[in-house]
Amino acid sequence: MSDSPPATSSLRPATSNYRWIICGLLFFSTTINYMDRQVISYLKEYFCRAEALGGFGWSNADFSYLTSFFTAFYAGVTVGAGWVIDKIGTKLGLALSLIIWSVFGVANAFVGRLLAMHIAVRSAFAVGEAGNFPASIKTVAEWFPKRERALATAIFNNGSSLGAMIAALLVPLCLIHFGDAEGWKMAFILTGSSGFVWLIFWFWLYDRPDQQKRLSKKEFDYIHVDDETAGDRQAGDRTKKVSWVRLFGYRQLWAFFVGKFMTDGIWWFYLFWLPDYLLKQFHMTKREIILPTFIVYGVAIVGSIYGGSIPMKLIKRGMPVYRARMTTMLVIAAFPLSVLATQYFGNADRFGKMAAALAVAMICIGATAHQAWSANLFTTVSDMFPKRAVGSVTGIGTMAGGIGGVLVQLLAGRLTDVFARTPQTAYLIMFIVCALSYPIAWTVIKVLVPRHQPITDL
């Protein structure tokens, strides 16, 4: 097989930066993914309101069951989703995922108040959402050299923050404008239907690098400048497929597995429980929670991009790729420790009107650190595994993250019910979990893979 794109040079531009357009498509896919996912967190207060007051009458535990089933299905399906995407390719795989989650995102508006129906539809919704990250990480591996992958991953991964920001504005406004009884339905309909617009641009603009006529040969060669195997230079969708069961024999897989298991649930906690924390800790209204949640996810975008750019700077200064990645992640893992001070600063008796702002500032640091951590953790997959295995490895790791997310959701639901009269105690325990997860995860990863060991025998 030729190492250069098959199309003739006369059909290609002399130079291009087309890989960043592909990164933009992944960014907006992830934005839609998390916007659709985040809707439920702003509906918790209405769903858990007593039926006599017009709500659904759910308990905190009921809400945690809903988010846990979503997370569990998301976790369980990602293994298969990654394998399927490695089989059928990123173009069709990501499109199929988005269609599924958009259809069931809209369907969530038509299931009434029965918890079992919401669980069923939200679980189907999770099946679609499970394909986004395996497809996106595989696309980054195919479209970017290793030195740029953390930055590219940070950029598209920030779609999760932008999606949460949009939901922070849109869902409360739907409840205010349409009223709670109709607003929750409109929130699902408006967010769920947005994905179909993205599909138009995906099918128009996306092809594999070796088939993309908008890509110059110069950029194609740059994309493959630091490939370590001949198979990596080939189009990932056409190379020999890897059985994901075999991957469990590698310590590199377990390092990624543990990293995702320990930390993904923290981001899920911020997504699903931050509005509830603000309502209970500071007695905010639906209008008042818009700004602080918007700020948390907005700040996370800036920090994530910077965190994703650090390894590239270290690599340019001569530091080996894996060492640069792990050094960056060690620094990032220290920042979530600030979350330990959230409840100290959130004490209104001590800090008065500044308490809410100070507590949100601590959460901003934790959320920002998570996004920077996530971008670098995802990139370790393409650092260590050949491109043809990236979708499967990412799927397995995302499954691990989902399992961790289920445990975090159940813990949050149980604690907020047990400490219903003192929610500050429940959230203090949760913030301790959030703070310590990253240093522990980094330590385990370093023990499992103390030095760069790329896999070349798959």
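**Close-up views of a predicted model**

**View 1. A salt bridge ties Asp-207 to Lys-91.** Asp-207 counts as partly exposed, with a relative accessibility of 25%. Before going on, a quick reminder: everything shown here comes from a predicted model. The partner of Asp-207 is Lys-91, and the N-to-O distance in their salt bridge is 3.4 Å. Lys-91 is partly exposed too, at a relative accessible area of 23%. Where do the two residues sit along the chain? Asp-207 is in the loop between helix H10 (195-205) and helix H11 (217-223), while Lys-91 belongs to helix H4. With their positions 116 residues apart, the pair links distant parts of the chain.

**View 2. Lys-44 and Asp-276 pair up while both are buried.** This is another salt bridge, and here the closest N and O atoms are 2.9 Å apart. The two residues are 232 residues apart, so to speak of distant parts of the chain is fair: Lys-44 is in helix H2 and Asp-276 in helix H14 (residues 251-282). Both Lys-44 and Asp-276 are buried. In total, the structure holds 16 salt bridges.

**View 3. Inside helix H14, Asp-264 meets Lys-260.** The side chains form a salt bridge with an N-to-O distance of 3.0 Å. Both residues lie in H14, 4 residues apart, which is about one turn of the helix. An α-helix has 3.6 residues a turn, so residues three or four places apart point the same way. Are these two residues buried or exposed? Asp-264 is buried at a relative accessible area of 10%, and Lys-260 is buried as well, at 2%. Elsewhere, salt bridges with shared partners gather Glu-45, Arg-49, Asp-180 and Lys-286 into one network.

**View 4. Helix H5 is mostly covered by its surroundings.** H5 runs over residues 115-129, and its end C-alpha atoms are 21 Å apart. That agrees with the 21 Å you would expect for its 15 residues at 1.5 Å a residue. Of those 15 residues, 11 are buried. Among the buried ones are Leu-115, His-118, Ile-119, Arg-122, Phe-125 and Glu-129. Which helices do the buried residues of H5 pack against? They pack against helix H1 (18-38), helix H2 (44-47), helix H3 (60-88), helix H4 (90-107), helix H6 (132-143) and helix H9 (180-193).

**View 5. Helix H1 is mostly covered, too.** Of the 21 residues in H1, 17 are buried. From its first C-alpha to its last, H1 reaches 31 Å, close to the 30 Å expected at 1.5 Å a residue. H1 is also one of the helices that the buried residues of H5 pack against.

**View 6. Two cysteines, Cys-364 and Cys-434, stay unbonded to each other.** How many disulfides does a search of the whole structure find? The search finds 0. The closest cysteine sulfur to that of Cys-364 is in Cys-434, and because the gap is 14 Å, the two are too far apart for a bond. Seen from the other side, Cys-434 is in no disulfide, and its nearest cysteine sulfur is that of Cys-364. Both side chains can be looked for beneath the surface: Cys-364 is buried at 8% relative accessibility, and Cys-434 is buried at 1%.

**View 7. Phe-385 sits in a loop but is buried.** The loop in question lies between helix H19 (355-384) and helix H20 (387-418). Phe-385 has a relative accessible area of 3%, so it counts as buried. Its C-alpha atom is 5.3 Å from that of Ile-455, although the two residues are 70 residues apart along the chain.

**View 8. Six residues make a nonpolar patch on the surface.** Leu-337, Leu-340, Leu-428, Ile-432, Leu-436 and Ile-440 make up this patch, which covers about 460 Å². One of them, Leu-428, lies in helix H21 (residues 423-448). Leu-428 counts as partly exposed, with 36% relative accessibility.

**View 9. His-283 has a positive phi without being a glycine.** The phi angle of His-283 is about 55°. Where is this residue found? Look in the loop between H14 and helix H15 (290-316). His-283 is exposed there, with a relative accessible area of 65%.

How values were computed. Residues numbered from 1 in each chain as written. Predicted model: local features only at pLDDT ≥ 70, side-chain atom pairs only at ≥ 80, totals over all residues. Heavy atoms only, no water. Expected span 1.5 Å × (residues − 1). Buried < 20%, exposed > 50% of the residue type's maximum accessible area, 1.4 Å probe, protein only. Contact = heavy atoms within 4.5 Å. Disulfide = S-S within 2.5 Å. Patch = residues over 30% accessible without salt bridge, like charges linked within 9 Å, V, L, I, M, F, W, Y side chains within 5 Å. Areas by Shrake-Rupley, 256 points an atom, 1.4 Å probe, with all protein chains shown as cover. Salt bridge = Lys/Arg side-chain N within 4 Å of Asp/Glu carboxyl O.
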